[in-house]
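Me: I should like to work through the local geometry of a protein model, one question at a time. Please reason briefly before giving each value or name.

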Amino acid sequence: MRDIFLSDLHIGVDAATNLYLSSAHEPELKAVLRYIQDNADQIRNVVILGDWIDLWMYRTTAVPMERLPVKREDRENFLPTPGQIFEANPSLFRKQSDGSGDFVTCIENITGNFYYVRGNHDITVSDDEINSFLPHDIAEDKKITCYPDGYSSGNVYGEHGNFCSMVCKPCESLPFGYFMTRAAADGGVKTPADLGAKLQALVEAGHSFADAMLICIADQVGRTTPFQFQMPDGTIMDASEVIGRFKDTSAFNLNVYKRTDGLMASDNLKSYARDLVNADTSRKIVVLGHTHEEVVVQDFMPVYVNSPCKALRSTYANCGFLCGGENPPPSTFVEIVHAAGTEPERVNVYELAYADDKPFVSLKYSHQA
C-alpha cells in the first residue's frame with residue numbers, strides 16, 4: 001500500500017497575487033489527482049501537509065465580500081473565505097464526471113482516509129470549513145481528518161514545517177508572516193533586494209524587527225505611507241498596531257529570524273527534521289513542506305540520544321510544491337510505499353513531466369526507507 005503526501009498547493013481565487021493560478025497550475029494538479037484516482041485501490045491515505053488553500057496572498061487593500069466576484073480581474077481586491085475559494089475552483093472541489101481529477105473523487109475512492117495538517121497560509125481554517133466542499137453522503141462516510149499540528153502513523157510523522165519559523169509559527173493572533181505576505185503582495189510578492197543588510201542597518205539604527213521588515217517591504221513596493229491592513233473581520237489594522245503587537249523580545253528579533261528563517265532557506269528544514277526525530281526516536285520518516293523545495297535525505301543523523309552519539313537510520317522528505325512562482329521547478333509530491341501495509345519500504349518523489357504539452361506524473365527518484 002502507498003501513502004501520498006502533498007504540500008503547498010496554495011489554491012486561492014485566481015487573484016493576480018495568488019501563487020496558484022488555474023490557467024497555469026490546474027492541469028498539473030489535476031494530473032496528480034488523476035494519479036490518485038487511477039491508483040486508488042493501492043493508495044491507503046492521502047495527507048496534505050498545509051497551505052492547501054491560501055488566505056494570505058492578497059493585497060493589503062483587499063476586502064471581504066459577501067459574494068465571489070465573477071470576473072477574475074476583480075478578485076485581486078477580494079479577501080476570500082475558504083468556502084469562496086472552493087466556489088472559485090469547482091473543477092477541483094466538485095466531483096467531475098469526466099474523470100479529469102478532483103478532490104471529492106479522490107477522497108471517495110482511496111482505501112484509507114484523507115488527512116489535512118494546517119500550514120501557515122491556512123492556519124485559521126476550521127475543521128468544518130475544510131470539510132464544507134464535500135457532498136453530505138461522502139462527508140458522513142469519509143470526513144477529512146484535520147490536525148492543527150502534525151500527522152502521525154506508525155513511524156511516519158508529517159507536518160507543514162512552519163513551527164520552526166519565527167514569523168510563521170502559530171501564535172495568539174495571526175503570525176507576523178501574515179502581515180509580511182500581504183504587504184509584499186502589494187508589489188507582486190518579491191523578496192526585497194539585499195534584505196538581510198537592510199534589516200541589519202535598520203535594527204542597528206534603533207528599529208524593531210517588525211518595523212524594519214515593513215520598512216523594507218514598503219521600499220520594495222514603492223509605498224511612501226504606512227501600511228493599512230484590511231482584515232478578514234472587516235476591521236482595519238494600521239502598521240503601528242502590527243509593530244506594537246510584534247515587539248522585540250528574546251524569542252522575536254532579527255537574530256532569531258536569522259537562526260530560524262535564514263537557516264530554513266539554506267538548510268531546507270533538515271535541522272528541524274533532526275529535532276523532530278530527537279524528540280521522538282520512533283519516527284523513522286519525517287515528511288515536511290513549507291520550503292517549496294523537494295528533497296529526500298537519508299541517515300541525516302546522528303541523533304544525540306543521551307550520550308554517546310547514537311546513529312539512527314532516518315529519512316527526511318520534503319514534498320516540494322504543487323504551485324508556481326517565477327520560473328518554478330517541476331511540481332512534486334512524495335509517496336511512501338509500505339511493505340505488507342505497515343512498515344515503510346520506499347520513499348518515492350514524483351514530478352510533473354510533459355508529453356505533447358500534457359502533464360503526467362513521473363517518478364523522479366526512489367529511496368529505500
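The exchange below concerns a predicted model and takes up two helices, then individual loop residues.

Me: How far apart are the end C-alpha atoms of helix α9?
Reply: Helix α9 covers residues 209-221, which is 13 residues. At 1.5 Å a residue, the expected span is 18 Å. The model agrees with this expectation, because the end C-alpha atoms of α9 lie apart by 18 Å.

Me: Which elements are included in what covers the buried residues of α9?
Reply: The buried residues of α9 include Phe209, Met213, Leu214 and Ile217. An α-helix has 3.6 residues a turn, so residues three or four places apart point the same way. The cover over the buried residues of α9 includes α7, α8, β7, α10 and α11.

Me: What sign and value does phi take at glycine 222?
Reply: Glycine 222 comes just after α9. Its phi is positive, at about 75°.

Me: Against which helices do the buried residues of α11 pack?
Reply: Helix α11 has 14 residues and reaches 18 Å from first to last C-alpha, close to the expected 20 Å. Its buried residues are Leu254, Val256, Tyr257, Asp261, Met264 and Asp267. These buried residues pack against α8, α9 and α12.

Me: Which backbone nitrogen does a side-chain oxygen of asparagine 253 reach at the start of α11?
Reply: The approach is to within 3.0 Å. The backbone nitrogen in question belongs to asparagine 255.

Me: Is histidine 10 buried or exposed?
Reply: Histidine 10 is found in the loop between β1 and α1. Residues it touches include Tyr20, Trp52, His121 and Cys323. Its relative accessibility is 1%, and a residue under 20% is classed as buried, so histidine 10 counts as buried.

Me: Which histidine has a side chain joined to that of histidine 10 by a polar contact of 3.1 Å?
Reply: The side chain of histidine 10 also makes a polar contact of 3.3 Å with the side chain of aspartate 8. The partner at 3.1 Å is histidine 292.

Me: What is the relative accessibility of histidine 292?
Reply: Histidine 292 lies in the loop between β9 and β10, and its phi is positive, near 65°, although the residue is not glycine. Histidine 292 counts as partly exposed because its relative accessibility is 24%.

Me: Is aspartate 357 buried or exposed?
Reply: Aspartate 357 sits in the loop between β13 and β14. Its phi is positive, about 65°, although it is not a glycine. With a relative accessibility of 73%, aspartate 357 counts as exposed.

Key
Residues are numbered from 1 along each chain as its sequence is written. This is a predicted model: local features need pLDDT of at least 70, side-chain atom pairs count only at pLDDT 80 or more; totals for chains, interfaces and linings use all residues. Side-chain values use heavy atoms; hydrogens and water are left out. Helices (H or I, at least four residues) and strands (E, at least two) are DSSP runs, numbered from the N terminus. The expected span of a helix is 1.5 Å times one less than its number of residues. Buried means under 20% relative accessible area, exposed over 50%, partly exposed in between (1.4 Å probe, protein chains only). Contact means heavy atoms within 4.5 Å. A polar contact is a pair of N or O atoms within 3.5 Å; within protein, one must be able to donate a hydrogen and the other to accept it, and residues adjacent in sequence count only if both atoms are side-chain atoms.
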